[in-house]
Amino acid sequence: MTTIENLSRRRFMQGGAGLTLGFCLPALAAPAAGPGKAGAGVVAPITFEPNAFLRIGPDNSVTVISKHLEMGQGTYTGLATILADELDANWKTVRVEGAPADASRYNNLFWGKAQGTGGSTAIANSWEQLRRAGAAGRAMLVAAAAKQWNVPAAEIAVRDGVVSHAKSKRRATFGQLADAAAKEPVPTHVTLKDPKDFRLIGKQVKRKDSFDKTNGQARFTQDVQLPGMLVAVVTHPPRFGARVKSFDAGRAKAVKGVVDVVQIPQGVAVLATDTWSAKKGRDALAVSWDESGAFKLGSEELFARYREMAKKPGLVAHQNGDAERAFGQAAKVVRASYDFPYLAHAPMEPLNCVIHLHDGGCEVWNGEQSQTGDQYALARFFGIKPERVTIHMLYAGGSFGRRASKDSDYVLEAAHIVKAIGGRAPVKLVWMREDDMRAGYYRPLFHHALEAAIDGNGKLVGWRHRLVGQSIMAGSPFAAGMIKDGIDLVSVEGAANLPYAIPNMTVDLHTPEDIPVPVLWWRSVGSSHTAYSTETFVDQVATAIGRDPVAFRVELLAGHPRHAGVLLLAAEKAGWGTPLKPGKAGERRGRGVAVHESFNSYVAEVAEVTVARDGAIRVDRMVCAVDCGIAVNPDVVRAQVEGAVGFALSAALRGEITLDAGRVVQGNFDTYPPLRIAEMPVVEVHIVPSGAAPTGIGEPGVPPAAPAVANAIAAATGKRLTRMPFNPAELAA
């Protein structure tokens, strides 16, 4: 873990775990800048702000400052719960604001000096930090009360936002003590609660973002309206690597509402007074493209090329024992290969952001997932200091990694447009869903080849796993730390750290470097494909040697009790080993299992499926067991796992971005359809009780879902699906 760096606004001192606390003069208190209130909040005249994460107003309001983006994953509720519990606040008075861009105070502790949200880190990296922030505020309120009432601080109790002294029968609310508490010294050491005393953590408290989102008060980037603002829509190249040769803006400018048409490096932007006019203007625009340097291969050609590459060894990502020897002496060898397509993020809210240049600075409104990266990218672009770039973090309607753009792509695109018009107006850039699906970033296309060596006693003694796929980290700010000896660590995560006790194992990787298709982290990143290949292959091996899939895994997981724990819990809750209820005539039913660790959380899932005579797949039930340490809010954990199952099944059953001569075929949900509500299986989530610090839950529910379903299909039909998305035609009886 890196050092916590939080600077005070007026004075500071170092806390016991590196947390730096400080006061804020009421007159200097930052205006509320959170979702729904960006730049327009009103701060109470007297405010107790003991540190960078907490503000208490005279009206008893407790404001938790969130350094992480709320994009539907429950971050605002989870972070507020952690702080409010240590503070002993009344949950009803707690509100949440988004933090400004300031890596010195709001850095992601797992990322060094960078502020951002991703990798299921929000709760995990804030756990101790926010507990200490809440405990410090509580201690200062108690100290203020003790001084006013002339009683020992040790005799004072705090509960639900009220400070009280039983012997003197004195009591005061947080708001009544706020002014006096602000004058108390910041404690250098605080005592954190014993977990048995938690009153909010571990309980099902109401989410803080649901009310505004359901009544329309929540503000997303699309809601931002600034005086004189123009809306921009861009025509992007039809193939990656193509460039604008020429364009005729005449018909576009004839559209009512269109104000300007400008060329930028990413294409041609049409600016209008509103989104609809900008879109109509773009539709009317005539652009001629230079495609001499464009990428023109299709997906099938890429798969063929990858399969050829997989015939030769790649760079070794993991090695133990002597795999060559094991295979040389094997009594039986099991083989399988897998193809994974490009995938789009397809968040419900397409990409957008607002940029306004004024007074020598740059102001940004965005569902901001990468504050530091975007802040510095814009500063370099406009030639100003990073602190002159102000970012207002608004809600995001989903992301799945897309808004954590490693090169600030859509934010810089908006900046180019602002520059092209001389900064004469604020600009809201709007991407239609087709823009992101056809010119965006994707989960990389991958090919995997696996082999297992079985000895004469039916034991799994050797494992070879070869992967071929583009690097996500290449060219990103994380490349130095995430690419070792040519190995992109996220390409092989879940494969190179396979938990099964296999005495001889090799994992190697080919990374094509001449493919210009933009790739990016996608929900669960490398585990989104490695969990599928490893968990369906280990199932295939279990079948080949006549072992029960659960018992076989448990035996191999003897050294990994948390993997085994969720596996056994899921199996128990699913009734593993008991017969399934038969389907209708012609239907085949099966049950399958998978277990995987990602982002330090452990998830096992058991799927029950029905396969119709024509091969149609229906996922009936998913039983999930989760070990993510302390479940700060069990309801949010369940919601994340339920959403992860739906997300994973969308990709498994129909998710595919295909290239045809370099052009992306899909464009919107009609050709890239997510799972419908009516198709959603029954999802049961069982959380392992734990006293360990919380880990991530936004992504770990995704990886085991597809392999559990594939293994269930194999149990029902005897057929192993090795290409995604699943093809029902392969399953027709």
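This is a short walk through the predicted model shown above, from its overall confidence to a few individual residues.

Let us begin with how far the prediction can be trusted. The mean pLDDT of the chain is 93, and 94% of its residues reach 70 or more. One stretch calls for caution: over residues 1-45 the pLDDT stays under 50. For that stretch the model has 121 contacts beyond four places in sequence.

Next, find residues 215-293. The UniProt record, an unreviewed entry, places the feature "domain: Aldehyde oxidase/xanthine dehydrogenase a/b hammerhead" there. In the model, 19% of this stretch is helix and 38% is strand. The C-alpha atoms at its two ends are 49 Å apart.

Now for the charged residues. Side chains of opposite charge can pair when their charged atoms come close. How many salt bridges does the structure hold? The count is 45, and three of them make good stops on our walk.

Start with Glu-70 and Arg-207, whose closest N and O atoms are 3.6 Å apart in a salt bridge. Glu-70 sits in the loop between strand 5 (62-66) and helix 1 (75-87), while Arg-207 sits in the loop between helix 4 (174-181) and helix 5 (210-215), so this pair ties together parts that are 137 residues apart in sequence. The two partners can also be described by their accessibility. Glu-70 counts as buried because its relative accessibility is 0%, and buried means under 20%. Arg-207 has a relative accessible area of 24%, so this residue is partly exposed. The pair also belongs to a network of salt bridges that links Glu-70, Arg-207, Asp-209 and Lys-213.

The second stop is the salt bridge between the side chains of Arg-239 and Glu-291, with 2.4 Å from N to O. This pair links distant parts of the chain, 52 residues apart. Look for Arg-239 in the loop between strand 10 (230-235) and strand 11 (243-248), and for Glu-291 in the loop between strand 14 (286-290) and helix 8 (299-309). Both Arg-239 and Glu-291 are buried.

For the third stop, go to Arg-305 and Asp-514, where the closest N and O atoms of the salt bridge are 2.6 Å apart. Arg-305 lies in helix 8 and Asp-514 in the loop between strand 25 and helix 15 (527-544), so the two tie together parts that are 209 residues apart in sequence. Arg-305 is partly exposed, with a relative accessible area of 28%. Asp-514, at 47% relative accessibility, also counts as partly exposed.

What about a charged residue without such a partner? Glu-363, in strand 18 (residues 361-366), is buried yet has no salt bridge. Which side chain of opposite charge is nearest to Glu-363? That is Arg-388, 9.4 Å away, and a salt bridge needs the two atoms within 4 Å. The side chain of Glu-363 does make a polar contact with the side chain of His-392, at 2.7 Å. Leaving aside neighbours within four places in sequence, Glu-363 is in contact with several residues, including Val-354, His-356 and Thr-390.

Two loop residues are worth a visit as well. Asn-497 lies between helix 14 (489-492) and strand 25 (504-510), and this residue is partly exposed, with a relative accessible area of 42%. A polar atom of the Asn-497 side chain lies 2.6 Å from the backbone nitrogen of Gly-494. Not counting residues up to four places away in sequence, Asn-497 touches Val-492 and Glu-597. Ala-693 is in the loop between strand 31 (682-687) and helix 19 (705-717). Beyond four places in sequence, the contacts of Ala-693 are with Trp-127, Cys-628, Gly-629 and Ile-630.

Finally, look at the backbone itself. Asp-160, in the loop between strand 7 (156-159) and strand 8 (162-165), has a positive phi of about 50 degrees although it is not a glycine. Phe-599, in the loop between strand 26 (588-598) and strand 27 (601-611), has a positive phi near 55 degrees and is likewise a residue other than glycine. Our walk ends in the segment after helix 19, where Pro-725 has its place. Here a cis peptide bond joins Met-724 and Pro-725, with omega about 0 degrees.

Methods
Residues are numbered from 1 along each chain as its sequence is written. This is a predicted model: local features need pLDDT of at least 70, side-chain atom pairs count only at pLDDT 80 or more; totals for chains, interfaces and linings use all residues. Side-chain values use heavy atoms; hydrogens and water are left out. Helices (H or I, at least four residues) and strands (E, at least two) are DSSP runs, numbered from the N terminus. Buried means under 20% relative accessible area, exposed over 50%, partly exposed in between (1.4 Å probe, protein chains only). Lys and Arg count as positive and Asp and Glu as negative; His and the chain ends are not counted. A polar contact is a pair of N or O atoms within 3.5 Å; within protein, one must be able to donate a hydrogen and the other to accept it, and residues adjacent in sequence count only if both atoms are side-chain atoms. Contact means heavy atoms within 4.5 Å. UniProt positions are given in the numbering used here, feature names are shortened, and annotations may be inferred rather than shown by experiment. pLDDT is the predictor's confidence in each residue, from 0 to 100.
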